[in-house]
Amino acid sequence: MLSHTHVSVFLLSASAVISVVFLKETLRASDILGGALAVTGTYLLVTFAPHTTQHITAHVIQRYVVSWQFLTYVGIEVVLFCVLLYLYKRRNVKHIVVVLLLVALLASMTVISVKGVSGMITESVEGNLQLVYPIFYVMVVVMVVSCAFQIKFLNQSMKLFNATEVVPINFVFFTASAILAGIVFYQEFYGLALLNIFMFLFGCLLSFLGVFLIARNRPQSKTERPFIDVGHVPGRRCTDKVQPEPSSLTYGSLAGEKGQTESST
């Protein structure tokens, strides 16, 4: 049976092939090298990340939410998200890393909330009812909201950039943010061997190097939106005067109504 890592790498490779064969995306040598580094780095991330199992209850979630590690992480993430959103919306910075970092930051909240909700539902099914705690519904709201905005920004990235660069970069960012969120919130890094920590950081380095190669020298947008000049629409006559003459007292439907009134009188 394939592990989660092998399935993820297979999906990434399949998406890249589909984007080239069916979507006619251009594939460069740096894309191949960058994709290979991204896949290798992601494999190291998933392989050497901590794999711990624990019972997720409402009391555990509440304890993790008020921990100083998570509060610091949320503070940094909120500031970074606001800065990226300002660059994207106000400064019109349409770089692929900016857009997909927004997706990744939202994805980290999605991973935390999904794991918390699924864990509390599992505990409830096993007889330890967790649905009576408010934290369960808080996690449900966070899960729905983060998923909705994550899909929104991901759709915008697919409109602006080629699939050959969106798929691997989003895969790397999503995997890294998911693992980092699990480490910070669920404190999965405690007791991890030094070799695992080193290989995990090395995987991060390879992944982001692959992202740099894929995004390097790429145009900021896929295509410019086409438009048609009104004056060149076939079969349409374009007039210079948009507003009626100042000397005209009535026009349009008011003129018709006035004419009908005068004729009736």
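Here are some short exercises, with worked solutions, on the predicted model shown above.

**Exercise 1. The overall layout**

Work out how many helices and strands the protein has, and what share of its residues is buried.

*Solution.*
- Start with the elements: you should get 9 helices and 0 strands.
- Next, write them out along the sequence, which gives α-α-α-α-α-α-α-α-α.
- Finally, turn to burial: of the 265 residues in the protein, 38% are buried.

**Exercise 2. How H5 meets H6**

Describe how helix H5 (residues 96-125) packs with helix H6 (residues 134-160).

*Solution.*
- What do you need for a pair like this? Two packed helices are described by the angle between their axes and the distance between the axes.
- Here the axes of H5 and H6 cross at roughly 150 degrees and come within 8 Å.
- Angles over 145 degrees count as roughly antiparallel, so that is the label for H5 and H6.
- Now add the handedness: H5 passes H6 in a left-handed crossing.
- Last, sort the contact residues of H5 and H6 by class: 22 are nonpolar, 5 are polar and none are charged.

**Exercise 3. How H4 meets H5**

Now try the pair made by helix H4 (residues 68-89) and H5, then look at Asn92 in the loop between them.

*Solution.*
- The axes of H4 and H5 are 9 Å apart, and the packing angle is about 150 degrees.
- H4 and H5 are therefore roughly antiparallel to each other.
- Their crossing is left-handed.
- In the loop between H4 and H5 sits Asn92. Check its backbone: phi of Asn92 is near 60 degrees, a positive value in a residue that isn't glycine.

**Exercise 4. One face of H3**

Find the buried residues of helix H3 (residues 58-65) and say how they are arranged around its axis.

*Solution.*
- First list them: Ala58, Val60, Ile61 and Tyr64 are the buried residues of H3.
- Then look down the axis of H3: its buried residues fall within an arc of 160 degrees, so they line one face of the helix.
- A handy background point is that an α-helix has 3.6 residues a turn, so residues three or four places apart point the same way.

**Exercise 5. Two cysteines**

Count the disulfides, and classify Cys147 and Cys204 by how accessible they are.

*Solution.*
- Recall what you're looking for: a disulfide is a covalent bond between the sulfur atoms of two cysteines.
- The test asks for a pair of cysteine sulfur atoms within 2.5 Å, and the count comes to 0 disulfides.
- Cys147 has 28% relative accessibility, so it counts as partly exposed.
- Cys204 has 18% relative accessibility, and since buried means under 20%, Cys204 counts as buried.

**Exercise 6. Far along the chain, but how far in space?**

For Val46, Ile183 and Gly191, give the location, the burial and the C-alpha distance to a partner residue.

*Solution.*
- Val46 is in helix H2 (residues 29-48), and with a relative accessible area of 13% it is buried. Its partner Gly203 is 157 residues away in sequence, yet the C-alpha distance is 8.8 Å.
- Ile183 belongs to helix H7 and is buried at 12% relative accessible area. Ile183 and Pro50 are 133 residues apart in sequence, with 7.8 Å between their C-alpha atoms.
- Gly191 is in the loop between helix H7 (163-185) and helix H8 (194-215). Gly191 counts as exposed, at 83% relative accessibility. Between the C-alpha atoms of Gly191 and Pro50 there are 9.0 Å, although these residues are 141 apart along the chain.

Terms used
Residues numbered from 1 in each chain as written. Predicted model: local features only at pLDDT ≥ 70, side-chain atom pairs only at ≥ 80, totals over all residues. Heavy atoms only, no water. Axes fitted to C-alpha atoms, helices over the stretch in contact; angles between N-to-C directions. Helix = DSSP H or I, 4+ residues; strand = E, 2+ residues; numbered from the N terminus. Parallel < 35°, antiparallel > 145°, perpendicular 65-115°, else oblique. Left-handed = near helix turned anticlockwise from the far one by under 90°. Nonpolar A, V, L, I, M, F, W, Y, C, P; charged D, E, K, R; others polar. Buried < 20%, exposed > 50% of the residue type's maximum accessible area, 1.4 Å probe, protein only. Arc of directions from axis to C-beta.
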